[in-house]
Amino acid sequence: DIETGKKRKGFHTDGMPVINFDLAVFRRASAKRGINLSKYQKSHPVVFSRPQIRKYGSLQAAQYARLESAITIDSIAAMESTFWGMFQIGGFNWKKCGAESIDQFVELMSRSERDQLDMFASFISSTGLLKHLQSKNWAAFARGYNGPSYARRSYHTRMASAYNRYSKLADQAEDPSSAEDLAQAES
């Protein structure tokens, strides 16, 4: 619910993984690799502008256009600056996800939702975030998963709400009488 919305899918309708190319992250990654992006602003305008949904037909198509153009500047910086799949894991976290390279990370993100889930689990374990999930410390988890600006986007409260909503549904599924009561109340 939080990362990919109500669709809860790791792939767009065209079979490509859901992505979000992040220009700010690309700028930092490029600088670390010694790349001066200012010389590419005219030759690669799609990278430096907002996703052009009208031009490309969908947000995902526009994001892929940005990523593909950024790859022609520097493929590693571009792939590491993109958030991938149903859990929107930044490519810069490829090692923490158990991948041997950024290329393997992208390959696995592109192969299946199961691979996306496995890499998410590896990320949660390798970063020490599992304890925060287990204790339902949503603020600590959100800080570790989304960075220090998590509170501005209410990431932790949205996670807590989603957890509570699904917990109630799970409890109702385990207790047939409460499910019947719910069905009667709704009718």
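# Helix α1, salt bridges and aromatic pairs

Let me begin with a single side chain, R114, which is exposed, at a relative accessible area of 56%. Throughout this talk, buried stands for under 20% relative accessible area and exposed for over 50%, with partly exposed in between, using a 1.4 Å probe and protein chains only. What you see above is a predicted model, in which local features need pLDDT of at least 70 and side-chain atom pairs count only at pLDDT 80 or more, while totals for chains, interfaces and linings use all residues. Residues are numbered from 1 along each chain as its sequence is written, and side-chain values use heavy atoms, with hydrogens and water left out.

Staying with R114, its side chain meets that of D118 in a salt bridge, at 3.0 Å from N to O. I use that term for a side-chain nitrogen of Lys or Arg within 4 Å of a carboxyl oxygen of Asp or Glu, and by this rule the count comes to three. D118 and R114 are four residues apart in helix α7, residues 113-126, and are therefore separated by about one helical turn. Helices (H or I, at least four residues) and strands (E, at least two) are DSSP runs numbered from the N terminus. As a reminder, an α-helix has 3.6 residues a turn, so residues three or four places apart point the same way. D118 itself is partly exposed, at 34% relative accessibility.

Another of the salt bridges joins D115 and R111, with 2.6 Å from N to O; here D115 is buried at 11%, whereas R111 is exposed at 54%.

Which side chain does D74 meet in a salt bridge? The partner is R33, at 2.9 Å from N to O, and this pair links distant parts of the chain, with D74 in the loop between α4 and α5, R33 in the loop between α1 and α2, and the two positions 41 residues apart. D74 counts as buried at 13% relative accessibility, while R33 counts as partly exposed at 42%.

That loop brings us to α1, the helix of residues 23-32, whose buried residues are L23, V25, F26, A29 and S30. Seen down the helix axis, these residues fall within an arc of 150 degrees, so they line one face of α1; the arc is that of the directions from the axis to the C-beta atoms. On the face turned away from that buried side we find the exposed residues R28, A31 and K32.

What covers the buried residues of α1? The cover includes β1 (19-21), α2 (45-48), α4 (59-73), α5 (75-80) and β2 (82-84), where contact means heavy atoms within 4.5 Å. At the N-terminal end, D22 caps α1 through a side-chain oxygen that lies 3.0 Å from the backbone nitrogen of A24. After the helix comes G34, whose phi is positive, near 75 degrees.

Further along the loop between α1 and α2 lies H44, which is buried at 13% relative accessibility. The side chains of H44 and T72 are joined by a polar contact of 2.8 Å, that is, a pair of N or O atoms within 3.5 Å in which, within protein, one must be able to donate a hydrogen and the other to accept it, residues adjacent in sequence counting only if both atoms are side-chain atoms.

Turning to the interior, the largest nonpolar core has 44 residues, of which F26, V47, W84, I89, F105 and Y145 touch the most other members. Such a core is a set of buried Ala, Val, Leu, Ile, Met, Phe, Trp, Tyr and Cys residues joined through side-chain atoms within 4.5 Å. Not counting residues up to four places away in sequence, V47 touches F21, L23, F26, R66, S69, A70 and I73.

Finally, the aromatic rings: the structure holds eight aromatic pairs. The centres of the F87 and F120 rings are 4.1 Å apart and their planes are at 10 degrees, so this pair is stacked. F87 lies in the loop between β2 and β3 (89-90) and F120 in helix α7, so the pair ties together parts that are 33 residues apart in sequence. Both F87 and F120 are buried. F123 and Y145, by contrast, form an edge-to-face pair, with 5.7 Å centre to centre and 70 degrees between the planes. For all of these, rings of Phe, Tyr and Trp (its six-membered ring) pair if their centres lie within 6.5 Å, with planes under 30 degrees apart counted as stacked, over 60 as edge-to-face and the rest as tilted. F123 is buried at 4% and Y145 at 14%. To close, F87, F120, F123, F141, Y145 and Y155 form one aromatic cluster.
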